[in-house]
Amino acid sequence: MRIFGGAAQQPTSAERVRTILASAHSMTMEVDGHTTEVSRGNGPGATQHVHLHPSPEDAGLTGAAGTGERVPATLQFTDIAPLPVRDRVRARLTVMGWLTSRDKAGSPAGDCMEFATAVLETATCKAGIGLDDLMTAPADPLATYEADILTHLVEEHSHCIPLLLRLVEPRFLQLMERAVPLAIDRYGIVLRVEYPLGHHDVRLPFHRTLNDADQFGMQLQALLTTARRCSHHSRLLSDDRGPGESAVSRRS
């Protein structure tokens, strides 16, 4: 059995937005024409904290809302691949809404932002996400663990990547220079296959959708078991590579 990466289930745009918001540590905020870098974390360099909330029913599009003034604001996030790959920007997210002091008493460490809409832009699509879709979409259980898992996979278990490539349609491996894990989510793992000119992303779906991060190891092993049952005659995946040759490169 081979996995061609075409019709596999993958996160919706709303799920990707929730995941980016859950894992992002920094962002760019624009208010009244002024741009500043803000952070959700407590580490050095954080200038303020931002909390996202749904807009209350009594709020108009402009002016005051209840106890707080509302100022139009925009947040911009850039989703960067944890590992060095060609074109590391996986998505750009713009969140539009209003900065308000409505809940300042409950969030003394920072400002609150009432969500209006979001725009997610990737290499293949651009989608608008409304409040209803955002509120019902779950954040991915691997969101805050993804970088550590992918780094560990490449640094400690790089031998798994050639095995996973057995699940990829052979035509995508022709002229391949290297393959690097680009992303993981509850639905599967994405490999970026790089060529002398360009690249191609292949999604390898898990046998079962993950409910928490602890299930990743079991699902990865299930993929590897499937891969071992596949035959593959690519020289890149064979045992006759010369010393130091590998299907996975750590080139920056």
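Here's a quick briefing on the cores, the aromatic pair and some salt bridges in this structure. It's a predicted model, so local features need pLDDT of at least 70 and side-chain atom pairs count only at pLDDT 80 or more, while totals for chains, interfaces and linings use all residues. Residues are numbered from 1 along each chain as its sequence is written, and side-chain values use heavy atoms, with hydrogens and water left out.

**Nonpolar cores**
- The largest nonpolar core (buried Ala, Val, Leu, Ile, Met, Phe, Trp, Tyr and Cys joined through side-chain atoms within 4.5 Å) has 39 residues, and L164, L165, L204 and F216 touch the most other members.
- Another core, of 23 residues, lies apart from it and has A24, M27, F115 and A118 among its members.

**Aromatic pair**
- There's 1 aromatic pair (ring centres within 6.5 Å; planes under 30 degrees apart are stacked, over 60 edge-to-face, the rest tilted).
- F206 and F216 have ring centres 6.0 Å apart and planes at 75°, so they sit edge-to-face.
- Both F206 and F216 are buried (under 20% relative accessible area with a 1.4 Å probe, protein chains only; exposed is over 50%, partly exposed in between).

**Salt bridges**
- The count is 8 salt bridges (a Lys or Arg side-chain nitrogen within 4 Å of an Asp or Glu carboxyl oxygen).
- D185 pairs with R203, with the closest N and O atoms 2.8 Å apart, and both residues are buried.
- D79 and R90 form another, at 3.0 Å between the closest N and O atoms.
- Through shared partners, R16, D79, R90 and E146 join into one network.
- E177 bridges to R86 at 3.7 Å; E177 is partly exposed at 37%, and R86 is partly exposed at 26%.
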